[in-house]
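Student: I would like a close look at a single part of this protein: the central strand region and what surrounds it. Please take me through it in one connected account.

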Amino acid sequence: MVNKILVALDGSPSSDRALDLAIRLATNTAARLLVLTVASNDPLTEAEVKLALDRYQPEVSEQLAAPEFTTALEQGGDTMGRAGQAPSGKSASIRNAMGQHILAEAETVARRRGFSPVETLLRSGDPAAAILAVAAAQSPDLLVIGSRGLGNRAGSLMGSVSDKVVRQSGCSVITVKTPDAED
């Protein structure tokens, strides 16, 4: 029996699909739904800056206007060469704003589909470690996560967040792919 479902989101297409599945499963099983996002301590990836500009611009406009971001973005190409070097406080502030917005969106989506209440959690640190720590503390019956998030391509060669979570989790894990996911 599934009584509690934890879904980890990062704003990527895979995590959007993970949320959809988690809501369906929670609705069908009358399980509690916990929604988690983690604000990483790493430098911002190019995908995160693009997501911030595309979906969360009002919330992070002041931080994205900082010279270290605008100069790098204007140069095109590998923007993270410089933008990733931004002071960690700015990256953390951007990620926290994005995380709060991701959680608010998740609550809205769940309510629109007739599911509530939703418990939201925002953590900071290493995404895999934070997801595993929340899973250990909350003891969900099921953890749902996207198969590919917003990390750099090079990071996926060393082991993605979802791979680490699948290998180390104490509960069942469903990884959700996007239709066009490359693996």
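Tutor: What follows starts with the overall layout, moves to the sheet, and then turns to the cores and a few individual residues.

The model is a predicted one. It has 9 helices and 5 strands, and from the N terminus on the elements run β-α-β-α-α-α-α-α-β-α-β-α-α-β. Of the 183 residues in the protein, 44% are buried. Among contacts with a separation of 6 or more, 78% are between residues 24 or more positions apart.

The strands form an open sheet of 5 strands in the order β3-β2-β1-β4-β5, with parallel pairing. At the edges are β3 (118-124) and β5, each of which pairs on one side only. Averaged over the sheet and with direction ignored, neighbouring strands are turned by 20° against each other.

Now to β4 itself. On one side, β1 pairs with β4 in the parallel sense over 4 bridges, and leucine 6 stands opposite leucine 143 of β4. Strand β5 (residues 172-176) is also parallel to β4 and is joined to it by 5 bridges. Here leucine 143 stands opposite valine 173 in β5. Leucine 143 is thus placed opposite leucine 6 and opposite valine 173. As general background, strands of a sheet pair through backbone hydrogen bonds, either parallel or antiparallel.

How much of β4 is buried? Because 5 of the 5 residues of β4 are buried, the strand is largely enclosed by the rest of the structure. Both of its faces are covered: Leu142, Val144 and Gly146 are buried on one side, and Leu143 and Ile145 are buried on the other. In a regular strand the side chains alternate between the two faces of the sheet.

Further along the sheet, β2 and β3 run parallel and are joined by 7 bridges. The bridge partner of leucine 34 in β3 is glutamate 119. Helix α7 (residues 127-138) packs on the sheet and touches β1, β2, β3 and β4, with its direction at about 150° to that of β2. Another helix, α9 (residues 161-168), lies across β4 and β5 and runs at about 160° to β4.

The nonpolar residues can be taken next. The largest nonpolar core has 31 residues, and Ile5, Val7, Leu19, Leu33, Val35 and Val144 touch the most other members. At least two residues of this core come from each of β1 (4-9), α1 (13-29), β2 (32-39), α2 (46-55), α6 (88-112) and β4 (142-146). The biggest contribution is from α6, with 8 residues. A second, separate core has 16 residues, including Leu6, Leu36, Val38 and Ile145. For β4, then, Val144 is in the largest core, whereas Ile145 is in the second one. In soluble globular proteins, nonpolar side chains tend to be buried together.

Leucine 33, a member of the largest core, has contacts from several parts of the sequence. Leaving aside neighbours within four places in sequence, leucine 33 is in contact with Ile5, Val7, Ala22, Ile23, Ala26, Phe115, Pro117, Val118 and Glu119.

Helix α2, which supplies residues to the largest core, has two distinct sides. Its buried residues include Glu48, Val49, Leu51 and Ala52. Seen down the axis of α2, the buried residues fall within an arc of 160°, so they line one face of the helix. On the other side of α2, Lys50 and Asp54 are exposed.

Two polar residues complete the account. Serine 160 is in the loop between α8 (153-158) and α9. Serine 160 counts as buried because its relative accessible area is 17%, which is under the cut-off of 20%. Its side chain and that of serine 162 are joined by a polar contact of 3.2 Å.

Threonine 27 lies in helix α1. With a relative accessible area of 43%, threonine 27 is partly exposed. The side chain of threonine 27 reaches the backbone oxygen of isoleucine 23 at 2.8 Å. Threonine 27 and glycine 114 are 87 residues apart in sequence, and their C-alpha atoms are 8.4 Å apart in space.

Technical notes. Residues numbered from 1 in each chain as written. Predicted model: local features only at pLDDT ≥ 70, side-chain atom pairs only at ≥ 80, totals over all residues. Heavy atoms only, no water. Core = buried A, V, L, I, M, F, W, Y, C linked by side-chain atoms within 4.5 Å. Buried < 20%, exposed > 50% of the residue type's maximum accessible area, 1.4 Å probe, protein only. Contact = heavy atoms within 4.5 Å. Arc of directions from axis to C-beta. Pairing = 2+ DSSP bridges. Axes fitted to C-alpha atoms, helices over the stretch in contact; angles between N-to-C directions. Polar contact = N/O pair within 3.5 Å; in protein donor to acceptor, adjacent residues only side chain to side chain.
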